[in-house]
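Q: I am new to this structure. Please pick one part and take me through it closely, then show me how its surroundings compare. Short sentences, please.

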Amino acid sequence: MLKNNKEIALYVHWPYCLKKCPYCDFNSHVTKLPIDINEWEIAYKNEIEAEQNILGKKTVRSIFFGGGTPSLMPPKLLEGILNQVNKKWDFSKNIEITLEANPSSVEIKNFSTLKKAGVNRLSLGFQSFNNNSLKFLGRNHSVKNGLKALETAKNIFKRVSFDLIYGLPDQNEKMWEKELNEAIQISGEHISAYQLTIEKGTTFYALYRDRKFELPPERTLLNLYNMTDELLNHANLEKYEVSNYAFKNSECIHNYKIWQGSEYCGIGPGAHGRLILDNKWYANHKFSAPKIWLNKNLQKKCASYFNKEISNIERAQEILLTSLRLTKGIDIKNTFNKLSINSKNNILNKNELRKFKELNLIEENDSFLKVTNKGFPILNYITNKLIL
Ligand SMILES: C[S@@+](CC[C@H](N)C(=O)[O-])C[C@H]1O[C@@H](n2cnc3c(N)ncnc32)[C@H](O)[C@@H]1O
Ligand code: SF4
């Protein structure tokens with residue numbers, strides 16, 4: 001029988017950005033319309049109330065403001081959302097509250113007010129230590145802006161992370177090594193290093209398809225990935241997820257919990273959640289279009305467009321998919337027990353598992369299953385073949 005967890009992770013989505021980056025397929029929008037902050041506050045509050053009515057008493061272990069660019073949210077709005085969460089549920093005494101921020105000057109000015117409102121962890125979209133790369137990525141900040149934002153963030157928040165994107169056209173091992181060393185010099189407890197992916201529907205998708213640029217060859221990309229591991233691990237930033245590195249005990253609690261398969265609730269346009277109700281798992285997805293989401297919630301309707309029961313087998317497959325991203329892997333026995341799944345043969349392809357183990361791409365010990373360092377660069381291929 002599924003146990004209703006007392007603790008929950010909460011994701012809050014803010015969908016607006018100053019500019020749409022050409023590689024980004026997140027639910028992010030540029031709007032010319034004025035944003036009525038009072039309306040947005042009412043809508044978020046209504047949605048939190050609606051979720052609380054369904055979920056009942058909970059302790060919130062983590063809140064993640066993601067986007068879009070949530071650092072553009074007026075601090076008063078963020079404060080209003082946090083007050084409502086605190087009113088409807090309990091805050092865990094060591095709650096982690098993360099906010100994603102872009103390094104523009106508008107946002108830096110808000111950092112200390114956001115901290116006062118309750119944010120205690122900042123994740124900065126630094127992206128690159130090379131101005132040409134920032135230009136290619138369509139960012140509206142320079143390396144200098146990034147460094148300034150990082151310095152300000154580190155003076156204000158105890159926990160700061162930043163994102164980097166690598167695997168850009170013409171990027172070679174020497175160039176990435178230089179960037180990584182610069183990153184290490186100024187890093188705090190956490191770095192996310194993402195390989196550029198070309199997502200359908202983005203500007204880069206069309207440009208790449210029309211051969212307007214090329215990505216580095218596979219061999220170079222593999223070298224860049226391995227170099228990231230090597231240099232960051234050497235600086236005590238240990239890989240804990242395929243693209244995430246942290247000092248010991250400084251991992252992002254929110255993301256870690258979600259990857260491990262904990263219950264989480266999503267608030268805001270396009271947010272999704274996985275929730276246990278009456279001993280069953282539910283997948284829940286909010287309207288993505290900001291205006292539709294807003295209007296539904298102003299009418300006091302929880303803006304889900306999708307709230308569907310999922311079987312324990314489906315949930316086990318999802319958890320396997322996300323927890324294999326973790327270097328620690330998945331405690332199969334425990335996870336499957338909780339979901340009353342008797343045989344892993346319903347979830348995993350036995351033959352593929354055997355092959356991957358023989359090739360040293362996957363390791364199994366006691367009840368743990370984990371992808372090896374050799375396997376991580378082809379994680380998507382492995383999970384595609386492995387999970388039924
Ligand atoms: C929700 S996004 C953005 C947060 C913030 N608005 C920003 O741009 O800094 C989180 C991170 O995902 C990464 N990302 C987004 N799209 C990507 C792509 N196509 N390839 C690689 N990394 C990507 C970027 O590093 C980005 O900082
Ligand atoms: S990468 Fe960040 S700033 Fe750029 S469009 Fe996506 S969410 Fe907005």
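A: What follows starts with one helix and then moves on to other parts of the chain.

The model is predicted. The part chosen is helix α9, which covers residues 218–234.

Begin with its length. Helix α9 has 17 residues. At 1.5 Å a residue, they should span 24 Å. The end C-alpha atoms of α9 are 24 Å apart, so the expected and modelled spans agree.

Now its buried side. The buried residues of α9 are Thr 220, Leu 221, Leu 224, Tyr 225, Met 227, Thr 228, Asp 229, Leu 231 and Leu 232. An α-helix has 3.6 residues a turn, so residues three or four places apart point the same way. With that in mind, find Thr 220, Leu 224, Thr 228 and Leu 232, which are among the buried residues. Then find Leu 221 and Tyr 225, also buried.

What covers these residues? The cover includes strand β5 (159–166), helix α7 (173–186) and strand β6 (190–195). It also includes β7 (238–241) and β8 (244–246).

Take α7 from that list. Two packed helices are described by the angle between their axes and the distance between the axes. The axes of α7 and α9 come within 10 Å. They cross at roughly 25°. That angle is under 35 degrees, so α7 counts as roughly parallel to α9. The crossing is right-handed. From α7, the contact uses Glu 173, Trp 176, Glu 177, Leu 180, Asn 181 and Ile 184. From α9, it uses Thr 220, Asn 223, Leu 224, Met 227, Thr 228, Leu 231 and Leu 232. By class, this contact has seven nonpolar, four polar and two charged residues. Leu 224 is buried and takes part in the contact with α7.

Next, follow the chain out of α9. Asn 236 comes just after the helix and takes a positive phi of about 70°. This residue sits in the loop between α9 and β7. Most residues other than glycine have a negative phi, and most peptide bonds are trans. Asn 236 has its positive phi although it is not a glycine. Is Asn 236 buried or exposed? Its relative accessible area is 53%, which is over 50%, so Asn 236 counts as exposed.

Another asparagine also has a positive phi. Asn 360 has a phi of about 60°, and it is not a glycine. Its place is the loop between α14 and β14 (362–365). Asn 360 is partly exposed, at a relative accessible area of 38%.

Helix α14 (residues 350–358) packs with helix α15 (residues 379–386). Their axes come within 8 Å and cross at roughly 145°. Glu 352, Leu 353 and Phe 356 of α14 meet Tyr 381, Ile 382, Lys 385 and Leu 386 of α15. The classes here are five nonpolar, no polar and two charged.

Now a second helix to set beside α9. Helix α12 has 12 residues, so at 1.5 Å a residue it should span 16 Å. Its end C-alpha atoms are 16 Å apart, which agrees. Arg 315, Ala 316, Gln 317, Ile 319, Leu 320 and Ser 323 are the buried residues of α12. They pack against α10, β10 (272–277), β11 (280–286), β12 (304–310), β13 (330–331) and α13 (332–338).

Look at α10 (residues 253–260) against α12 (residues 312–323): the angle is about 135°, and the axes are 7 Å apart. That makes α10 oblique to α12. Ile 258, Trp 259 and Gln 260 of α10 touch Ile 319, Thr 322 and Ser 323 of α12. By class, there are three nonpolar, three polar and no charged residues.

Arg 315 of α12 leads to one more loop. Leu 339 and Arg 315 are 24 residues apart in sequence and 8.2 Å apart in space, C-alpha to C-alpha. Leu 339 lies in the loop between α13 and α14. Leu 339 is buried, with a relative accessible area of 3%.

Compare Lys 248, in the loop between β8 and α10. Lys 248 is exposed, with a relative accessible area of 67%. Lys 248 and Glu 189 are 59 residues apart in sequence, yet 8.5 Å apart in space, C-alpha to C-alpha.

One last backbone feature remains. Gly 67 and Gly 68 are joined by a cis peptide bond, with omega about 25°. Gly 68 is in the loop between β2 (59–67) and α2 (75–88).

Notes. Residues numbered from 1 in each chain as written. Chains lettered and ligands numbered in written order. Predicted model: local features only at pLDDT ≥ 70, side-chain atom pairs only at ≥ 80, totals over all residues. Heavy atoms only, no water. Helix = DSSP H or I, 4+ residues; strand = E, 2+ residues; numbered from the N terminus. Expected span 1.5 Å × (residues − 1). Buried < 20%, exposed > 50% of the residue type's maximum accessible area, 1.4 Å probe, protein only. Contact = heavy atoms within 4.5 Å. Axes fitted to C-alpha atoms, helices over the stretch in contact; angles between N-to-C directions. Parallel < 35°, antiparallel > 145°, perpendicular 65-115°, else oblique. Left-handed = near helix turned anticlockwise from the far one by under 90°. Nonpolar A, V, L, I, M, F, W, Y, C, P; charged D, E, K, R; others polar.
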